[in-house]
Amino acid sequence: MEINSIKDLIDALEGLGEPEEGHTRFFRGHSNAREYKLEPSIYREDNKYYYNEDNIIRDAIVNNPSEFSDKDTLFNTLVKLQHYGYPTRLLDLTTNALVSIYFSVRNNDKYDGEIIIFDIPNEDIKYFDSDTVSVLSALSGTRLLLPRSFLFHSCHVLFEHGARRYVLHPIDE
């Protein structure tokens, strides 16, 4: 389906209907539908960042100490790094379709953008302070080289709704 206006988006969403009971709808917009892979940036470009993830985090903290606090959790550090454009194991989603539209057209004059829609079971959504989020965030600060398939399938997805941050349980188990 091609969307050329906000009205087209509204019509598409109305045609899709509401998510199934017990599910929440999320959106992801990206600006190059042909080449984009639905995976966190730390895994892109032949994993060149993944194998240096712990150093990327440490270097960012050392080079920008005023941006980070000893009181930050590793998850909060990853959120800040993601915000500043560093490659992380987080993948941003939103519950606002208009935000996904913005990211699908941002900095884009020559490619077709895309909006991906997820209807996620509510029981798979983890909050920022859950044990699951803490453990998965901690993997980023180690040199533990688990198979990429394990890490990607264990990867959780961050999204923000207002002041609340959530992480979704694995997309693919």
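I6, I10 and L98 come together as a nonpolar patch on the surface, sharing about 260 Å² of accessible area. The model is predicted, so local features need pLDDT of at least 70 and side-chain atom pairs count only at pLDDT 80 or more, while totals for chains, interfaces and linings use all residues. Residues are numbered from 1 along each chain as its sequence is written, and side-chain values use heavy atoms, with hydrogens and water left out.

**The surface patch**
- Patch members have over 30% relative accessible area and no salt bridge, with nonpolar side chains (Val, Leu, Ile, Met, Phe, Trp, Tyr) joined within 5 Å and like charges within 9 Å; a salt bridge is a side-chain nitrogen of Lys or Arg within 4 Å of a carboxyl oxygen of Asp or Glu.
- Areas come from the Shrake-Rupley method with a 1.4 Å probe, and for residues only the protein chains shown count as cover.
- L98 lies in helix α4, residues 97–105 (a DSSP run of H or I, at least four residues, numbered from the N terminus).
- L98 is partly exposed at 48% relative accessibility (buried is under 20%, exposed over 50%, partly exposed in between; 1.4 Å probe, protein chains only).

**Aromatic pairs**
- Searching the whole structure turns up two aromatic pairs (Phe, Tyr or Trp rings, the six-membered one for Trp, with centres within 6.5 Å; planes under 30 degrees apart are stacked, over 60 edge-to-face, the rest tilted).
- Y43 and Y50 make a tilted pair, because their ring centres are 5.8 Å apart and their planes meet at 40 degrees.
- Y43 is buried at 2% relative accessibility, and Y50 is buried at 4%.
- Y102 and F103 pair edge-to-face, 5.0 Å centre to centre with 80 degrees between the planes.
- Y102 is partly exposed at 46%, and F103 is partly exposed at 36%.

Definitions and conventions: Helix = DSSP H or I, 4+ residues; strand = E, 2+ residues; numbered from the N terminus.
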